[in-house]
Amino acid sequence: MTLSFDPNTISLPVGHFIGGRLVPAKAVIDMHRPSDGRAYAGCPLADEALVDHAVETAGTALKTSNWGGVRPRERTMALQRWADLIEAEAETLARLEALSSTRPVGQLVAGDIAVTAEQIRFFAEFADKEGGDLVPTDDANFGMIMTEPYGVIGAITPWNFPLSMAGWKLAPALAAGNAVVLKPSEMTPFSTLYLAELSVRAGLPAGLVNVVLGDGPTTGTAITGHPGISKISFTGSTAAGAAIMANIARTGVKPMTLELGGKSPQLVFADADLDLAAGAIAGSILSNAGQACVCGSRLIVEAKVADALATALLTRLAAIRPGPTWEETTDYSPVISERQIARMDGIIRAAIDGGAECLTGGRRLDRDGYFYAPTLISGVTATSPAVLEEIFGPVLTIQTFEDEEEALSLADHPAYGLAAGLFTRDLSRAIRLTRRLQAGTVWVNRYGRSRDHILPTGGYKQSGIGKDLGREAYHANRKSKSVLISL
């Protein structure tokens, strides 16, 4: 399979996907390709009326199909067919996603798309294997905890991993018997539209998966405040998550799952395998050019090995192969937008003005598009903007420590607690520090998720509420009812 393609020959799905078909767009938002900066398309903008239509369609589809009440194995089999079709259409999905996003096409088929199909199969199996409970009561009563779908779920996904994030939201919600109205990012909508089309081709009832396109202030606000939506699931920045919470509070009360920002530390002790650590740390900051909420962007290393580790990292950061996302050999991504380039560069300049030293990078790459050099900054303090702010780019800071207590103190961010990495050969230390790190996920002697979808993801502090993935995500899409029957 040759995945490289001419970006000017791709046919894009145009419109919103509601009730099993594309609905023509009225207003549009201009879009630019990150790989070359060129304007190439317009993203439709759904207003309140269109969101109303999508929510009504979803509710009608639930009733007419009885999706939440059919034999659960039927939901399982329909979702499995969808996963099969996603794999069969991987080349088309990869090209649609690579065109508008920061994800190189060569990484999508074996990576994001394969993982999305796996996630759908994983959650499909919950449909007929997870239910309510018979609970102990006195002999004169019969007690049960029943679970049932919420109804229509509102989901909002970010631009950095469009298909994967759509899978995170759609798979558990549908397996649990709900319908979904999903808004992908206005910067990367096209692969999600095609994913929704495939759901209908796979046999899911039309109207269960609806995709409305638009921005946060207009379309996102209409979704999160809609009275016909029973639950919200969002992945994105902490600021956007706070705005969603405020909008829900203004318009009513409903449950929500929020997977938000991070500024994750990676702690390296002197006894660690430094080659392994350097590879994992470099991989984290280079993958998608550091544009991931769990990116390990704060290196906290024992002072006696700091220079050796920095040297190993500099070698790896210099070995990148930047290129357009539509070229199969590209392994280093562009940044999503000109605005993000400017924001990132401003944070780096502020850190340097505050006394930090830029060991490499700190500049835009001399090529078309929004490419930024991998950047390593030392000499930062705990109050440096490069340490405090979620940069969402290929920027890694270095801080040093002398003992475990200092390492933990540096690792403890005042706002974020999404993930953390820990590198040591000492198993006792690994267990001891894992218990104390304020993070929803801790990786030891590695950094990054595996394909073990049973492990949930979610943060502490301002990094989120609730969990995606794992058993927790399935149960978060069903509400419980206590039943007590007198005999």
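Helices and strands here are DSSP runs, numbered from the N terminus. The model described is a predicted one. Its protein chain has 15 helices and 22 strands. Along the principal axes, the C-alpha trace of the protein chain spans about 70 × 65 × 45 Å. For 487 residues, a compact globule would have a radius of gyration near 23 Å, and the protein chain agrees because its own value is 23 Å.

Enclosed space is considered next. Rolling a probe the size of a water molecule over the atoms shows where empty space is left. In this structure there are 2 cavities of 30 Å³ or more. The largest cavity holds about 70 Å³ of space. Its lining consists of 13 residues. Nearest the centre of the largest cavity lie P172, K231, S233, D468 and N477. Three elements each supply at least two residues of this lining: β7 (152–156), α5 (162–175) and β10 (231–235). Helix α5 gives the largest share, 3 residues. By class, the lining of the largest cavity divides into 6 nonpolar, 3 polar and 4 charged residues.

The second largest cavity has a volume of about 60 Å³. Among the residues that line this second cavity are G262, K263 and G290. A292, C293, C295 and S297 also belong to its lining. So do E390, I391, F392 and G393. The lining of the second largest cavity has 5 nonpolar, 4 polar and 2 charged residues.

One residue of that lining, F392, also stands out in its backbone. Most residues other than glycine have a negative phi. Phi of F392, however, is positive, near 60°. F392 sits in the loop between α12 (385–388) and β16. K461 is another residue other than glycine with a positive phi, here near 55°. K461 is placed in strand β20 (residues 460–461).

Open space was examined as well. The largest pocket contains about 1400 Å³ of space. A total of 45 residues line the largest pocket. W159, E186, M187, S237 and A240 lie nearest the centre of this pocket. Two or more lining residues come from each of β3 (28–32), α7 (216–224), β10, α8 (238–251) and α11 (338–353). Helix α8 provides the largest share, 6 residues. The lining of the largest pocket comprises 20 nonpolar, 16 polar and 9 charged residues. Strand β10 thus serves two linings: β10 supplies at least two residues to that of the largest cavity, and β10 gives two or more to that of the largest pocket.

Two sheets are described here. One is an open sheet of 7 strands with mixed pairing. The strand order in this sheet is β14-β15-β16-β13-β12-β18-β19. At its edges are β14 (357–360) and β19 (441–444), each of which pairs on one side only. Neighbouring strands of this sheet are turned by 25° against each other on average, direction ignored. Within the sheet, strand β13 (residues 298–302) runs parallel to strand β16 (residues 395–401). The two are joined by 5 bridges. I300 stands opposite Q399 in β16. A helix also meets this part of the fold: α14 (residues 427–436) lies across β18 (419–423) and β19. Helix α14 runs at about 160° to β18.

The other sheet is open too and has 3 strands. The strands follow the order β5-β6-β22, and their pairing is antiparallel. Here β5 (133–135) and β22 (478–486) are the edge strands, each pairing on one side only. In this sheet, neighbouring strands are turned by 25° against each other on average, direction ignored. Strand β5 pairs with strand β6 (residues 141–149) in the antiparallel sense over 3 bridges. D133 has I145 in β6 as its bridge partner.

Terms used:
Residues are numbered from 1 along each chain as its sequence is written. This is a predicted model: local features need pLDDT of at least 70, side-chain atom pairs count only at pLDDT 80 or more; totals for chains, interfaces and linings use all residues. Side-chain values use heavy atoms; hydrogens and water are left out. On a 1 Å grid over the protein atoms alone, a cavity is a set of points where a 1.4 Å probe fits but cannot get out, and a pocket is an open set with protein on both sides within 12 Å along at least five of seven lines; lining residues have an atom within 4 Å of a point. Grid points are joined across faces, edges and corners, and a volume is the space filled by probe spheres set on the points. Helices (H or I, at least four residues) and strands (E, at least two) are DSSP runs, numbered from the N terminus. Ala, Val, Leu, Ile, Met, Phe, Trp, Tyr, Cys and Pro count as nonpolar, Asp, Glu, Lys and Arg as charged, and the others, Gly among them, as polar. Two strands pair if DSSP finds at least two bridges between them. Axes are lines fitted to C-alpha atoms, for helices over the stretch in contact, and angles run from 0 to 180 degrees between N-to-C directions. Contact means heavy atoms within 4.5 Å. The radius of gyration is taken over C-alpha atoms; the globule rule is 2.2 Å times the number of residues to the power 0.38.
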